[in-house]
Amino acid sequence: MERIESHACFGGRQEVWKHVSSTLRCNMQFGIYLPEAALRGEKCPVLYWLSGLTCTEQNFITKAGAQVHAARHGLIVVAPDTSPRGEDVPNDPAYDLGQGAGFYVNATCTPWATHFHMQDYIAEELPALIEQHFPASEARGVFGHSMGGHGALVTALRHPGRYRSVSAFSPIVAPSKVAWGQKAFDAYLGPDREVWGQWDAVELIRACKERLPILIDQGANDEFLDRQLKPELLELTCRAVGHPMKLRIRQDYDHSYYFIASFLADHFEHHAVSLRRSDLHTPGSSTAMQI
């Protein structure tokens, strides 16, 4: 663990850390915002942000304006990189595969299987690291944007009881049915579409027993809305199985961080309600959050 950035911000500190990941077999970086209470040593809930294609840990911490909301609610916010990186890590010339495009899955196909285990990293290794080295409680939430919105939904659905809250901006809700997801899944997971379903939020919702409320904001002017995102598919499935979900289509907004910054306060409110509640079961319990 090596701290490579530290900046005073809204009474807390925005930091960036580098560490060796045993899961990904490379060096990784993550941003972490520590509110004032955490700097005093008080344990705080943790909200994990998963970024989209081509992003690093820097995009969210420098563009979204998240620190003011984290300070207001007393939340630690962790923003990891989107994939393993390094000279020894496989890559692809395209922006939507390889480094910067981990899709938050555990790859099983060569040449990706050695390093591309992003799901295990964000759901297991990184939280264990955060809870060991920082004043973090076991109250966790997860949210993200685009590919990271897909990652947030899938991570929460695959780990019932581990997260108290989930939300997304412009998520890829049905990667098995759109070009971005099909390309990544075929490369990382192989051609078996039944395996793909294990990483597809629409498919996971059908069998989900935990009813963790989902909040999604989507820009109506998003250039990827009809071809890659298709939030209506998740909305219809949630309605069919009775899973609580709120989809808000925001007129005039696109896929950018201007859109995220405009409505980020609402998402912090959504998460803070659950992360600050004391009447919930401890995360990790299979019976937690039956809402």
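This passage describes the overall build of a predicted protein chain and the pairing of its first three strands. In this predicted model, local features need pLDDT of at least 70 and side-chain atom pairs count only at pLDDT 80 or more, while totals for chains, interfaces and linings use all residues. Residues are numbered from 1 along each chain as its sequence is written, and side-chain values use heavy atoms, without hydrogens and water.

The protein chain holds eleven helices and nine strands. These are DSSP runs, numbered from the N terminus (helices: H or I, at least four residues; strands: E, at least two). The radius of gyration is 18 Å, close to the 19 Å of the globule rule for 291 residues, so the chain is as compact as a globular protein of that length. The radius is taken over C-alpha atoms, and the rule is 2.2 Å times the number of residues to the power 0.38. The C-alpha trace spans about 50 × 45 × 40 Å along its principal axes. Of the 291 residues, 59% are buried (under 20% relative accessible area, 1.4 Å probe, protein chains only).

Strand β2 covers residues 12–21, and seven of its ten residues are buried. β2 pairs with β1 (residues 2–9) in the antiparallel sense over seven bridges. Pairing requires at least two DSSP bridges between two strands. S6 has E15 in β2 as its bridge partner. Two residues separate β1 and β2 in their hairpin, and F10 in the turn has a positive phi of about 50 degrees.

β2 also pairs with β3 (residues 26–34), again antiparallel, over nine bridges. Here R13 is bridged to L34 in β3. Four residues lie between the strands of this hairpin, where R25 takes a positive phi near 60 degrees.

Technical notes: Buried means under 20% relative accessible area, exposed over 50%, partly exposed in between (1.4 Å probe, protein chains only).
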